[in-house]
Structure formats: structure tokens, C-alpha cells
Amino acid sequence: MFKRSVLTQFLLLLIPVYGLLFFGFNAFFKNQIETNFNETLFHKAFSITNTVALLAAAPLGRQQVETIPVLMSTLVADRDIEAIRIENLAGDTVYSYGNFDSVSGDLICKEVVSYANHSGIHAVGTVTLGLTRDRMWRLVDDAVSIVILGGLALLCSLIFVVIVAYRLTAGRQLSGLVASIRSFQETGIHEDAPASSDDQLGEVIRTYNAMQTDATEQRNEMERYSRRLSESIDIRTKAYSEEIDRHKKTADKLIHFLNSNDRSPTEDDTNN
């Protein structure tokens, strides 16, 4: 059966906790980036719309709309601009760029174009501008990807540090303790496990060493007592055997003597 080490159990606890915290942070980070980008796009939409209105004011006021595409050429190079539409007061489109169908409603701005001349300031048309979030999503995805890669790199670094720290501290002591226990099981001889720290693990190992040392001394004392008892029993047994042999020989002589005295008289004794 596979036995998980203390390090494996710690990592199995660390990685899910880290993953939960990391993905929670990543979701929060992504939401913050999206919020910041959206605010930036809103401000940019109003700013560019005002700029387009200023650029289109003179051509519309002077009815020189053929110059508008030249003026807009720099703006349409901006990748955030999805569509621009400039209309005169009659509602006729004098300039159009892109398609508003793909533009989100909250990123569409409309501004009245005002033109100032000798008779005063009056409206000459309208400007409608729409921005796209495509670049924003790409930037968000890039930022999130960087955060994920950074998080994975941090996790790998953290695991490496934990493994190295474990092997230099608790791992070394636990390995020594396991080796000492296995050696004792196989040979019956205790070897002290290394205890290089003053923490709870070091105290446990030192207590184990002291218990094993006391148990070894008691076992040795019992073995010495057993040998002395065995030798004493052997000596007493030998003495009893010799005593029994002497008694047996004495008994044999006595029986022989009694048998010789109890013999019946012979014919020679009768004739005499």
C-alpha cells in the first residue's frame, strides 16, 4: 500500500489552498483591470468625439467636406476606434468609417459640431463615434496570462523552497528516525536517531532515543540475569546429579549387602 510522506501530505494541503487563493486573486485582478480599461475607454470616447467635432467644424461650416477624410486619417489609425459618422444639419452623412453594428451602446458618443464665424457660433452638424473593446480584451487576456504564469512560477518556487527546507530540517530527522526504527526491527540493536532541532520533532526523537536506550539496558540486564540464573541452575543440577549418583551407589551397596546376608543356608551348612 502506498504510504504518503509528511511532505506529500503538506503539499497536498498547500497546493489546493494556494490555488484557491490564487484564482480568487486572479478573478479580482481581472475585474479591476476590466473596470480600469472601461473607464479609460469611456473617457477616451468623449475625448476623441470632441476632437473629431473640432476637426470637422471648419469643413462643415465652410462646406468643404472633401477635406474631412484627410483630417480623419490620423484618428482612424487608432485601433480602439471602431466607427465614425459625421452628418450635416440636414442629417446627410458626409463622412463614414467602420460599422456601428458591432459597437457596444455604452461606447457610442454623439457630439454636436459647432462652428464660429462673423455671425456667431452655431451648429453645423453632428459627430457620432464608437469604440471597440477588442484591444481591451486582448490586453486583459495578456495581463491575466502574465499573472497566471507568474503565479505558476511562484508556486513552483514555493514548492521547491518547501522541499529543500523539509529535507534540510524535518525530512532529515524523520529519515534518521525511520532508519533507526527499521534497523532495530531487523537487528535488535538500537542506534540513536539524529535530533538536530529544538522543536517538537527534535524532542520526540530525543525521547525515542532515551526510551530505546533504557529499554536496551533493561533487556541487557534481563539477559545477564537470565545467564546467571541459567548458570546457577546448571551448577545446582550438576550437584544434585552427583549427589543422586552417590546416593544411588550407596543404595546399591546396601542392597547388595542385605542380599548377601539374607541368602538361604547351603547343603554344606546343613550337613555340618
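A salt bridge is taken here as a side-chain nitrogen of Lys or Arg within 4 Å of a carboxyl oxygen of Asp or Glu. In this predicted model, the side chains of D78 and K44 satisfy that criterion, with an N to O distance of 2.9 Å. D78 is located in the loop between helix 2 (68-72) and strand 1 (81-88), whereas K44 belongs to helix 1 (residues 6-61), so the salt bridge ties together parts that are 34 residues apart in sequence. D78 is partly exposed, because its relative accessibility is 24%, and the partly exposed class runs between the 20% and 50% limits. The pair also belongs to a network of salt bridges in which K44, D78, D80 and R135 are linked. Over the whole structure, the search returns 7 salt bridges.

Two further salt bridges share the residue E221. The first joins E221 to R224, with the closest N and O atoms 2.6 Å apart. Both residues lie in helix 5 (residues 200-261), at a spacing of 3 residues, or about one turn of the helix. The second joins the side chains of E221 and R228, at an N to O distance of 3.9 Å; this value falls within the 4 Å cut-off. E221 is partly exposed, with a relative accessible area of 37%. R224 is likewise partly exposed, at 35%, and R228 is partly exposed at 44%.

The loop that holds D78 also contains R79, which is found between helix 2 and strand 1. R79 counts as exposed because its relative accessibility is 61%, and the exposed class begins over 50%. Apart from residues up to four places away in sequence, R79 touches T132 and R135. The C-alpha atoms of R79 and R135 are separated by 7.2 Å, although the two residues are 56 residues apart along the chain. R135 is thus a contact of R79 as well as a member of the salt-bridge network that includes D78.

In soluble globular proteins, nonpolar side chains tend to be buried together. The largest nonpolar core in the model has 29 residues, and V52, I84 and I86 have the most contacts inside it. At least two residues of this core come from each of helix 1, helix 2, strand 1, strand 3 (108-117), strand 4 (120-131) and helix 3 (134-168). Helix 1 gives the most, with 9 residues. Beyond its neighbours within four places in sequence, I84 is in contact with V52, V76, Y95, S96, Y97, F100, T128 and L129. A second, separate core has 10 residues, including L11, F22, I159 and V162.

Nonpolar residues also occur at the surface. F160, V161, V164 and L168 form a nonpolar patch there, and together they have about 380 Å² of accessible area. Of these residues, V161 is assigned to helix 3, one of the elements that supply the largest core.

Strand 3 and strand 4, which each supply at least two residues of that core, pair in the antiparallel sense over 10 bridges. A hairpin of 2 residues joins strand 3 to strand 4. Within the pairing, Y115 stands opposite H122, a residue of strand 4.

Note on methods: Residues numbered from 1 in each chain as written. Predicted model: local features only at pLDDT ≥ 70, side-chain atom pairs only at ≥ 80, totals over all residues. Heavy atoms only, no water. Helix = DSSP H or I, 4+ residues; strand = E, 2+ residues; numbered from the N terminus. Buried < 20%, exposed > 50% of the residue type's maximum accessible area, 1.4 Å probe, protein only. Contact = heavy atoms within 4.5 Å. Core = buried A, V, L, I, M, F, W, Y, C linked by side-chain atoms within 4.5 Å. Patch = residues over 30% accessible without salt bridge, like charges linked within 9 Å, V, L, I, M, F, W, Y side chains within 5 Å. Areas by Shrake-Rupley, 256 points an atom, 1.4 Å probe, with all protein chains shown as cover. Pairing = 2+ DSSP bridges.
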